[in-house]
Amino acid sequence: MDETEFWEIVDRTRVAAEGDPEDHADLLTERLLELEPDLVLDFARHFEARYNRAYRWDLWGAAWILLDGASDDVFDYFRCWLIGQGREVFEGALHDPDALAELLDDFDEEIDGDGEELGYAADEAYEQLTGAVTPDLGIAPAPTEPAGTPLDFENDTAMAERYPQLWERFGGGG
């Protein structure tokens, strides 16, 4: 499975879910169940690589503003959700996290931003297909610390300066 196929699966299942992250996870698992186990592992590698790439302080700051605060777990689920938004939003956010203010049409902090279940879709599909847990994916281990320079999420002035578009649209962090 190449990168284009990965994103096509993400996009098709997101559109079919009409923006509901839980439905998206269910549809993604169903779609992956149509694949051979090796392709499910390929999908999992693509997902995990992007999940690890998004472990960055600047993206965490954007999540903090969008979600009115973001603990470690909340940021983990946000990264899964961000992948679920598709290639344009994901890559745009990595290029400039403040651009999420323009990249996201609608954002409801009660529904959006939490893609925890998306992170389990490939594992669930693989287990259903094979009866075994997902093996080691053979990719670089997850970083132990976010990339980049740590931010003081509690400093409203610094956050407003770093993320002017997000701050204006979403009214400031936790």
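What percentage of the 174 residues of the protein count as buried? In this predicted model, 45% of the 174 residues fall into the buried class. The accessible surface comes to about 8,900 Å², and carbon and sulfur atoms account for 45% of that area. The protein is built from 10 helices and has zero strands, so that from the N terminus on its elements run α-α-α-α-α-α-α-α-α-α. The radius of gyration is 16 Å, close to the 16 Å that the globule rule gives for 174 residues, and the protein is therefore as compact as a globular protein of that length. Along the principal axes, the C-alpha trace spans about 50 × 35 × 25 Å. Among contacts between residues at least 6 apart in sequence, 75% join residues that are at least 24 apart.

Within this all-helical arrangement, helix 4 is mostly covered, with 11 of its 11 residues buried. The buried residues of helix 4 are W57, D58, L59, W60, G61, A62, A63, W64, I65, L66 and L67, a list that holds tryptophan, leucine, alanine, isoleucine and glycine alongside the aspartate D58. The cover over these residues includes helix 5, helix 6 (87-95), helix 7 (100-103), helix 9 and helix 10 (164-170).

Aromatic residues of helix 4 also take part in ring pairing. The structure holds 14 aromatic pairs. In one of the pairs, the rings of W57 and F153 have their centres 6.1 Å apart and their planes at 45°, so this pair is classed as tilted. Because W57 lies in helix 4 (residues 57-67) and F153 in the loop between helix 8 (121-130) and helix 9 (156-162), the pair ties together parts that are 96 residues apart in sequence. Both partners are withdrawn from the surface by the accessibility criterion: W57 counts as buried at 14% relative accessibility, and F153 is likewise buried, with a relative accessible area of 10%. Ring pairs further link Y55, W57, W60, W64, F75, F78, W81, F107, F153 and F170 into a cluster, and W57, W60 and W64 of this cluster appear among the buried residues of helix 4.

Two arginine residues place their charged ends over tyrosine rings. The charged end of R79 sits over the ring of Y51, at 3.9 Å from the ring centre, while that of R162 sits over the ring of Y163, at 4.7 Å from the centre.

The segment that follows helix 4 was examined next. Helix 4 is followed by D68, whose phi is positive, and this residue is found in the loop between helix 4 and helix 5 (72-84). The phi of D68 is about 55° although the residue is not a glycine, and at 43% relative accessibility D68 counts as partly exposed. The place of A70 is in the loop between helix 4 and helix 5 as well, but A70 counts as buried, at 4% relative accessibility. Not counting residues up to four places away in sequence, A70 touches W60, A63, W64 and F75; of these contact partners, W60, A63 and W64 belong to the buried residues of helix 4, and W60, W64 and F75 are members of the aromatic cluster. A70 and E145, which are 75 residues apart in sequence, lie 16 Å apart in space, C-alpha to C-alpha.

A positive phi is also found in the loop between helix 1 (3-16) and helix 2 (21-32), where E18 lies. The phi of E18 is about 50° although the residue is not a glycine, and E18 is exposed, with a relative accessible area of 74%. For context, most residues other than glycine have a negative phi.

A further loop residue, D98, is found between helix 6 and helix 7 and counts as buried at 4% relative accessibility. Leaving aside neighbours within four places in sequence, D98 is in contact with R162, Y163, P164, Q165 and L166. The side chain of D98 reaches the backbone nitrogen of Q165 at 3.1 Å. Two of the contact partners of D98, R162 and Y163, also form the charge-over-ring arrangement in which the charged end of R162 sits over the ring of Y163. D98 and Y55, a member of the aromatic cluster, are 43 residues apart in sequence and 16 Å apart in space, C-alpha to C-alpha.

Notes
Residues numbered from 1 in each chain as written. Predicted model: local features only at pLDDT ≥ 70, side-chain atom pairs only at ≥ 80, totals over all residues. Heavy atoms only, no water. Phe/Tyr/Trp six-rings, centres within 6.5 Å; stacked < 30°, edge-to-face > 60°. Helix = DSSP H or I, 4+ residues; strand = E, 2+ residues; numbered from the N terminus. Buried < 20%, exposed > 50% of the residue type's maximum accessible area, 1.4 Å probe, protein only. Lys NZ or Arg CZ within 6 Å of the ring centre and 35° of its normal. Rg over C-alpha atoms; globule rule 2.2 N^0.38 Å. Contact = heavy atoms within 4.5 Å. Areas by Shrake-Rupley, 256 points an atom, 1.4 Å probe, with all protein chains shown as cover. Polar contact = N/O pair within 3.5 Å; in protein donor to acceptor, adjacent residues only side chain to side chain.
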